Amino acid sequence: IKKSYDENGENYESVRYEGFGIEGVGIIVETLTDNRNRTAGDIRSVFSKHGGNLGETGSVSFMFNHLGVVKFSKSAGNFDDIFEIATDAGALDCDLLDDEYEISCSTDDLHQVAENIENILSCDITSQLTWKPSNQIPLNKEKALKIIEMIEVLEDHDDVQEVFANFDLPEEVFNELQ
């Protein structure tokens, strides 16, 4: 928030970078920057240093679905009722993940779907735009650690807002990493 404050007349713009990590893992990096050239060079450097390469716009995003997501606690109700409320609100999908519901909708409908669900259920919700992978690439522990390290370096960059990737950790690898 502080960085986007326009005290010196600087203009910030949202820029999306797409590229590939090891094993062809698709990575989308969303940034907010006041200097496209600096940010592009920094992001390209991170990809190169971690065995990946920065691609052209559209080279990775076709492997993802750009969606709105609304999340709230499992305590809001049973799945059948929540599913009906979600579809009536304009959602595309409803999933129960561990201890929360995840409602997916089109990016254009996110605000309306979130507002409808919040009004009906009267519970705390979070909503955001996200990139969900269409398919995921399974990785072994060694390669997963390399991708996770790359993502952490990207996330530590001041201009990076979010990073999305299409890799999957088998449960046994996930458990080993914890």
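**Helices, sheets and loops: questions on a predicted model**

Trainee: At what angle to β5 does helix α2 run?
Mentor: This is a predicted model, and the angle is computed from it. Helix α2 covers residues 79-89 and lies across β4, β5 and β6, with β6 spanning 100-106. Relative to β5, α2 runs at about 145 degrees.

Trainee: Which strand does helix α3 run at about 15 degrees to?
Mentor: Helix α3 is made of residues 110-121. The strands it lies across are β4, β6 and β7. The angle of about 15 degrees is the one to β4.

Trainee: In what order do the four strands of the open sheet stand?
Mentor: The pairing in this sheet is antiparallel. β4 and β6 pair over seven bridges, and β4 pairs with β7 over nine bridges. With β5 included, the order is β5-β6-β4-β7.

Trainee: Which strands stand at the edges of that sheet?
Mentor: The open sheet has the order β5-β6-β4-β7. An edge strand here has a single partner strand, so one side of it is left without a neighbour in the sheet. That applies to β5 (93-97) and β7 (125-133).

Trainee: By how many degrees are neighbouring strands of the sheet turned against each other on average?
Mentor: The sheet in question is the open one of four strands, β5-β6-β4-β7. The average is taken over its neighbouring strands with direction ignored. The turn is 30 degrees.

Trainee: Which residue of β6 stands opposite Gly-68?
Mentor: Strand β4 covers residues 64-73, and Gly-68 falls within that range. On the β7 side, Val-70 stands opposite Ser-127, and Phe-64 has Pro-133 as its bridge partner. On the β6 side, the residue opposite Gly-68 is Cys-105.

Trainee: How many residues lie between β1 and β2 in their hairpin?
Mentor: Strand β1 (residues 13-20) pairs with strand β2 (residues 26-33) in the antiparallel sense, over eight bridges. Phe-20 has Gly-26 of β2 as its bridge partner. The number of residues between the two strands is five.

Trainee: Is Glu-23 buried, partly exposed or exposed?
Mentor: Glu-23 lies in the loop between β1 and β2. It has a positive phi of about 60 degrees although it is not a glycine. Its relative accessibility is 47%, and the class between 20% and 50% is the intermediate one, so Glu-23 counts as partly exposed.

Trainee: And Asp-98, is it buried or exposed?
Mentor: Asp-98 is in the loop between β5 and β6. Its phi is near 50 degrees, a positive value in a residue other than glycine. The cut-off for the exposed class is over 50%; with a relative accessible area of 76%, Asp-98 is exposed.

Trainee: Which residue of β3 is the bridge partner of Glu-18?
Mentor: Strand β3 covers residues 53-55. β1 and β3 pair in the antiparallel sense over three bridges. The partner of Glu-18 in β3 is Gly-55.

Trainee: Is α1 roughly parallel or roughly antiparallel to α4?
Mentor: Helix α1 (residues 36-49) and helix α4 (residues 141-156) pack with their axes 10 Å apart, at an angle of about 165 degrees. Angles over 145 degrees count as roughly antiparallel. Therefore α1 is, with respect to α4, roughly antiparallel.

Trainee: How many nonpolar residues are in the contact of α1 with α4?
Mentor: The crossing of α1 and α4 is right-handed. From α1 the contact takes Ile-43, Val-46 and Phe-47, and from α4 it takes Met-150, Val-153 and Leu-154. There are no polar and no charged residues in this contact, and the nonpolar count is six.

Trainee: How far apart in space are Ala-89 and Asn-116, C-alpha to C-alpha?
Mentor: Ala-89 is found in helix α2, and at 10% relative accessibility it counts as buried. Leaving aside neighbours within four places in sequence, its contacts are Val-113, Asn-116 and Ile-117. In sequence, Ala-89 and Asn-116 are 27 residues apart; in space, the C-alpha to C-alpha distance is 5.8 Å.

Trainee: What share of the protein's residues is buried?
Mentor: The protein has five helices and 10 strands. Its C-alpha atoms fill a box of roughly 50 × 50 × 30 Å along the principal axes. Of its 178 residues, the buried share is 37%.

Definitions and conventions. Residues numbered from 1 in each chain as written. Predicted model: local features only at pLDDT ≥ 70, side-chain atom pairs only at ≥ 80, totals over all residues. Heavy atoms only, no water. Pairing = 2+ DSSP bridges. Axes fitted to C-alpha atoms, helices over the stretch in contact; angles between N-to-C directions. Contact = heavy atoms within 4.5 Å. Parallel < 35°, antiparallel > 145°, perpendicular 65-115°, else oblique. Left-handed = near helix turned anticlockwise from the far one by under 90°. Nonpolar A, V, L, I, M, F, W, Y, C, P; charged D, E, K, R; others polar. Buried < 20%, exposed > 50% of the residue type's maximum accessible area, 1.4 Å probe, protein only.
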